[in-house]
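Trainee: Please take a close look at the shell around the ligand, then show me how the rest of the chain is laid out.

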Amino acid sequence: AEELDVEAIRADFPVLDRRVGDSDLVYLDNAATTQTPEPVIDAITEYYREYNANVHRGLHQLSQEASIAYEEAHDTVAEFIGADGREEVVFTANTTMAENLVAYAWGLNNLEPGDEVVLTQMEHHASLVTWQQIAERTGATVRYIRVDDAGRLDMDHAREIVGPDTAMASIVHVSNVLGTINPVAELADMVHEQDGLIFVDGAQAVPNRPVDVAAIDADFYAFSGHKMAGPTGIGVLYGKERLLESMEPFLYGGEMIEKVTYEDSRWNELPWKFEAGTPPIAQAVALDRAIEYLESIGMDRIAAHENSIAQYAIEQLHAMEGVTVYGPPAGAERGGLVAFSLDTVHAHDIASIVNDHGVAIRAGDHCTQPLHDTLGIAATARASFYVYNRREEVDALIEALDAAREIFA
Ligand code: PMP
């Protein structure tokens, strides 16, 4: 893909002009949350300045405008991820709530003792804790596909544990720690052959690369607005229409009903059946704008840019002494993030010292405690990249790491 004009893109993100102490901000915590470009900020302020109103029920002008914008945001998302239409796109608060929606609305009502839920050793707590708890409540068993030494799923092991008892698999598309891009289409085939369902956690995929839920044949797919140049407070659950149709609601209340009596209620049509209460309206119109923004750059080019910065970071890290880099080896295609550790400095000290140089990275278990147990380390440092990051920002990170090593030498 043709290279990005990073400087032009940076000009769209006001926060990137910030200073942190005596340094320019170097923002490398994009896997946690990305920054927000001017057009998305504008979408939010336009909404509140011009047509803030509750949706669906209103007959007045503002409510009609808000309703159209809110509903059309579903169409934009559907087109962006290759869904059939707005019926398949449910707005949630975030990826975590999407995972919980399916776990409660499908899992609680369908899992039984003897059923198996297949996860991977690299699942985020959003899916791991959720399915663990729903399995406990239903008597189902959780099984984990192993991660090999190169940070990839052991597909032989996957073939061993996916079987006739597999009722649901929840698989992370791109690991938020290892950067591994998992073969989710192949796993979907494997699970479907056993009449199971697959939920794909795309929190680290949709923001960074082209994703087509139909090509994957995912039954459910989830991601968050705040990791893709969009606002906080909104996430997406994609679900195949026939599955969403067959499921009980997750939350009850206004907006999700068609007919209510004192005795009983009937549910609204999709996707509103799963959107009880006043939804995230400002966030939806802003997410719509974020998608437009990302598409104007091109998801292929974004993926190539991030991969190239991640490769550069891996090379630079390997050139340092006493560094361990986790995940697929240099050269392998991966998500735009790198988790690492230094032998002499704890991850939290790394993050705090590089912050003194204006560099924002994250340290900890990144909501993957069991994976860190498997890696044999309590915490890692993680640098994660987005469309606006420059190579020189990797250099700034490396310089700051050198300073950290000197302090602890
Ligand atoms: N899954 C993965 C792979 C993630 O990286 C994250 C965000 N850290 C989540 C799920 C949860 O996203 P959210 O906090 O927006 O619900």
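Mentor: The shell around the ligand holds eight polar, five nonpolar and one charged residues. Here Ala, Val, Leu, Ile, Met, Phe, Trp, Tyr, Cys and Pro count as nonpolar, Asp, Glu, Lys and Arg as charged, and the others, Gly among them, as polar. The model is predicted, and local features need pLDDT of at least 70, side-chain atom pairs count only at pLDDT 80 or more, and totals for chains, interfaces and linings use all residues. Residues are numbered from 1 along each chain as its sequence is written. Of the 14 residues around the ligand (C-beta atom, placed from the backbone, within 6 Å of it), Asn94, Thr96, Asn176, Ala203 and Ser224 come nearest.

Now the chain as a whole. Its domain assignment (bounds from an automatic or database source) gives domain 1, residues 6-29 + 298-407, and domain 2, residues 51-295. The C-alpha centres of the two domains are 28 Å apart. Across the boundary, 25 residues of domain 1 are in contact (C-beta atoms, placed from the backbone, within 7 Å) with 22 residues of domain 2. On the side of domain 1 that touches domain 2, helix H11 (299-318), strand E14 (337-342), helix H13 (369-375) and strand E17 (380-384) each supply at least two residues. Helices (H or I, at least four residues) and strands (E, at least two) are DSSP runs, numbered from the N terminus. H11 gives the most to that side, with six residues. By class, the side has 13 nonpolar, seven polar and five charged residues.

Next, helix H3. With 21 residues, 61-81, H3 reaches 31 Å from its first C-alpha to its last, close to the 30 Å expected; the expected span is 1.5 Å times one less than the number of residues. Its buried residues include Ala66, Tyr70, Ala73, His74 and Val77. A residue is buried if 20 or more other C-beta atoms, placed from the backbone, lie within 10 Å of its own, exposed if 12 or fewer, and partly exposed in between. An α-helix has 3.6 residues a turn, so residues three or four places apart point the same way. Among the elements that cover the buried residues of H3 are strand E4 (89-92), strand E9 (220-224) and helix H10 (281-297). Glu65 also lies in H3, but Glu65 is partly exposed because 17 other C-beta atoms lie within 10 Å. From Glu65 to Ala319, the separation is 254 residues in sequence and 56 Å in space, C-alpha to C-alpha. Just after H3, Gly82 takes a positive phi of about 80°.

Terms used:
Contact = placed C-beta atoms within 7 Å.
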